[in-house]
Structure formats: structure tokens, C-alpha cells
Amino acid sequence: MQASALTARERRAVEALERAGLVTVVDGAVLPADPFTPLLGHRPAASGIDRFVRDGRIAAWPKRPADRAALLRWAAEHALPAGGSASEAAVTERLAAIIDDPATLRRYLVDAGLLEREADGSAYRRP
């Protein structure tokens, strides 16, 4: 719709809609605006493990093996520094900060070879 072809009443209505952020006038054309983007805030598309982590916690589990491996490496870094060791309770506490089920994540990390478990289960170390 061209703004120049509007009656005075329609122009006032378009101006009111423009002030409200519902339309935009560009080169005389009245175009619908997206009123939700400013309200929601612009967020760039997430990539890598950011697709699965929200506010520093694992929110979703990846389906693709490569994504799972990347997420497990990220979790291992949170559990222990490279070459570090800690008791089972300490590792569980650190993992609880990033996931609701730290015991399962701990097992996944051991299975993936990212954490090594003492034979008696009392401590873990990161190779």
C-alpha cells in the first residue's frame, strides 16, 4: 500500500500504527512491522554446544554422535581440569551444577573415556 494514496484519515491511522511499531513506512510504502522482535530481543542463532546448553546447564541431549561428543567434552571440562582428580562426591557435585542427572552424565563421561574411575569408585581423574 502506498502512503501517498491514502486519505487524511488513513494517513493519521498509519502514523498511529507506525508510532506503535506495527507498520513501517519505507519509500512511501506502508509495510507491516514485526512487533515481536524488539520484545523478544534479537538473539543470534545458537551453534555448537550452545544449541544444547541454556544458562550454563544442559537443557537438551544431542541426537548426533558428534554433537554428543562435543557436549561430553564440555561437561568433562566442568567436572575436572585436565590431569585433575577428585572424589566421586566432588565430581557429582560439579556435574549437578550443569545437569539434573549427574550420575548418568558421570557414567557417560567414563564410557566415553573422558573420565577414569578408580576401581573402588571412590575417585575420578581426567586423563
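**Notebook: contacts, sheet and helix 3**

I began with the contacts in this predicted model, and I found that residues 24 or more positions apart account for 42% of the contacts in the chain with a separation of 6 or more. I then looked up burial and noted that 27% of the 127 residues of the chain count as buried, while the accessible surface of the chain comes to about 8,500 Å², with 54% of that belonging to carbon and sulfur atoms.

For the layout, I recorded 5 helices and 7 strands, which follow the pattern α-β-β-α-β-β-α-β-α-α-β-β when the chain is read along the sequence.

Next I turned to the sheet, where I saw 3 strands in the order 5-7-6, forming an open sheet with antiparallel pairing; its edge strands are strand 5 (85–87) and strand 6 (116–117), each of which pairs on one side only. I looked up how strand 5 is joined to strand 7 (residues 123–125) and found 3 bridges between these antiparallel strands, with serine 87 standing opposite alanine 123 of strand 7. I also noted that helix 4 (residues 88–96) lies across strand 5 and strand 7, and that helix 4 runs at about 95 degrees to strand 5.

Last, I checked helix 3 (residues 65–79): its 15 residues should span 21 Å at 1.5 Å a residue, and its end C-alpha atoms are 21 Å apart, so the two values agree. I listed its buried residues as Asp67, Leu71, Leu72, Trp74, Ala75, Ala76 and Ala79, and I noted that what covers them includes strand 3 (53–54), strand 4 (57–58), helix 4 and helix 5 (102–111).

Definitions and conventions. Residues are numbered from 1 along each chain as its sequence is written. This is a predicted model: local features need pLDDT of at least 70, side-chain atom pairs count only at pLDDT 80 or more; totals for chains, interfaces and linings use all residues. Side-chain values use heavy atoms; hydrogens and water are left out. Two strands pair if DSSP finds at least two bridges between them. Helices (H or I, at least four residues) and strands (E, at least two) are DSSP runs, numbered from the N terminus. Contact means heavy atoms within 4.5 Å. Axes are lines fitted to C-alpha atoms, for helices over the stretch in contact, and angles run from 0 to 180 degrees between N-to-C directions. The expected span of a helix is 1.5 Å times one less than its number of residues. Buried means under 20% relative accessible area, exposed over 50%, partly exposed in between (1.4 Å probe, protein chains only). Accessible areas come from the Shrake-Rupley method with a 1.4 Å probe; for residues, only the protein chains shown count as cover.
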